[in-house]
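Thanks for coming. I will go through a few contacts in one chain, and I will ask some questions on the way.

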Amino acid sequence: MELTNIGTIKDLFARHGFAFTKSLGQNFLINPSVCPKIAEMGGCKKGAAAIEIGTGVGVLTTELAKRCDRVVAIEIDTGLKPILEETLADFDNVEVIFEDVLKADLKAIIAEKLGGFEEIYVCANLPYYITSPVIMKLLEERLPISALTVMVQKEAADRLCAKVGERDCGAVTVAVNYYSTPKLLFKVGRGSFMPSPNVDSAVIRLDVSRDKRYSVSDEKLFFKIVRAAFAQRRKQLLNPLSSALGMGKAELSDILVSCGIKTTARPEELKMQDFVNLCEAIYNKK
């Protein structure tokens with residue numbers, strides 16, 4: 001069954017009475033070259049397991065199932081159940097869980113379904129509106145995964161994979177770099193989907209660090225500083241940090257200088273180690 005063929009997809013939808021759900025941001029892949037590349041470049045292989053988030057009609061699911069020993073897919077739309085029962089019928093190493101990934105207990109799912117695997121890879125074609133929340137959930141929960149390979153809006157990919165200290169950097173860039181090493185793999189044109197979105201996409205891979213890449217005394221404080229800094233990204237750090245942390249500007253200025261950061265610096269000018277040093281200096285003052 002050619003799951004990237006428009007005729008096949010329309011036939012599946014018609015036979016099973018399926019309709020697109022706009023609120024779920026559903027766009028189905030019709031470019032046959034994309035999912036094999038995601039599976040291969042995402043690290044999927046024999047002896048490993050995969051978690052897929054958002055199955056669609058099972059295009060990526062089948063590619064993962066061909067390569068990995070076991071696949072657990074998490075899909076929110078129960079309307080796809082009869083379609084997936086048909087498209088995944090030939091694969092006995094796939095289990096689909098119909099649940100909202102943002103509410104799912106992923107640690108419990110991994111322990112129950114994939115407990116015997118040392119290498120677990122996550123692959124996903126995410127609706128654009130939940131890209132950052134899903135990625136951050138996967139990273140913040142420190143799941144035992146080796147890498148997260150995901151298709152996102154091209155603009156989001158640029159920000160997620162930007163270097164900390166560059167103009168495209170944002171709070172999510174710092175967060176992603178705190179937990180992983182991001183890499184832009186390849187671009188995907190808007191014509192690769194049905195219905196076609198208004199923007200281009202890109203596939204990124206985040207190699208997850210099992211050990212902490214950076215050491216801070218208070219992670220909550222670290223991310224509070226990062227969020228406050230980028231809340232007014234074009235302004236100098238002093239004002240938003242002073243307000244968010246409840247610290248006087250004079251004291252905060254001294255801390256910035258002690259960390260080798262200009263008092264006139266904007267958040268996009270700071271490297272990862274600058275944020276770490278700033279967090280430690282503020283932590284030691286409290």
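Which residues in helix 2 meet helix 3, and which residues in helix 3 do they meet? Before the answer, one caution: this is a predicted model.

On the helix 2 side, the residues are C35, P36, I38, A39 and E40. On the helix 3 side, they are V59, L60, E63, L64 and R67. Sorted by class, this contact has seven nonpolar residues, three charged residues and no polar ones.

Now the geometry of that pair. Helix 2 covers residues 34-41 and helix 3 covers residues 59-67. Their axes come within 9 Å and cross at roughly 40°. Helix 2 is therefore oblique to helix 3. The handedness of the crossing is right-handed.

Let me stay with one residue from that list, E63, which lies in helix 3. Is E63 buried or exposed? Its relative accessibility is 12%, and the cut-off for buried is under 20%, so E63 counts as buried. What does E63 touch, if we leave out residues up to four places away in sequence? The answer is C35, P36 and A39.

Next, salt bridges. How many does a search of the whole structure find? It finds 17. I will show three of them.

Start with R15 and E86, which form a salt bridge with their closest N and O atoms 2.8 Å apart. This pair links distant parts of the chain, as the two residues are 71 residues apart. R15 sits in helix 1, residues 6-16, and E86 sits in helix 4, residues 81-87. R15 has 44% relative accessibility, so R15 counts as partly exposed. E86 is partly exposed too, with a relative accessible area of 27%.

The second salt bridge joins the side chains of D207 and R205, at 2.7 Å from N to O. Which class does each partner fall into, buried or partly exposed? D207 has a relative accessible area of 31%, so D207 is partly exposed. R205 has 18%, so R205 is buried.

The third salt bridge is between the side chains of E219 and K212, with 3.6 Å from N to O. E219 is partly exposed, with a relative accessible area of 24%. K212 is exposed, and its value is 53%.

Some salt bridges share partners, and in this way E40, E63, K66 and R67 are joined into one network. You have heard some of these names already: E40 is in helix 2, and E63 and R67 are in helix 3, in the contact I began with.

Last, another pair of helices. Helix 9 covers residues 219-231 and helix 10 covers residues 238-245. How do their axes run? They come within 8 Å and cross at roughly 135°. Why is helix 9 called oblique to helix 10? Angles over 145 degrees count as roughly antiparallel and 65 to 115 as roughly perpendicular, and roughly 135° is in neither range, so helix 9 is oblique to helix 10. This crossing is right-handed.

Which residues make the contact? From helix 9 they are L221, K224, I225, A228 and A229, and from helix 10 they are P240, L241, A244 and L245. By class, the contact has eight nonpolar residues, one charged residue and no polar ones.

That is the end of my part.

Notes:
Residues are numbered from 1 along each chain as its sequence is written. This is a predicted model: local features need pLDDT of at least 70, side-chain atom pairs count only at pLDDT 80 or more; totals for chains, interfaces and linings use all residues. Side-chain values use heavy atoms; hydrogens and water are left out. Axes are lines fitted to C-alpha atoms, for helices over the stretch in contact, and angles run from 0 to 180 degrees between N-to-C directions. Helices (H or I, at least four residues) and strands (E, at least two) are DSSP runs, numbered from the N terminus. Angles under 35 degrees count as roughly parallel, over 145 as roughly antiparallel, 65 to 115 as roughly perpendicular and the rest as oblique. A crossing is left-handed if the near helix is turned anticlockwise from the far one by less than a right angle, and right-handed if clockwise. Contact means heavy atoms within 4.5 Å. Ala, Val, Leu, Ile, Met, Phe, Trp, Tyr, Cys and Pro count as nonpolar, Asp, Glu, Lys and Arg as charged, and the others, Gly among them, as polar. A salt bridge is a side-chain nitrogen of Lys or Arg within 4 Å of a carboxyl oxygen of Asp or Glu. Buried means under 20% relative accessible area, exposed over 50%, partly exposed in between (1.4 Å probe, protein chains only).
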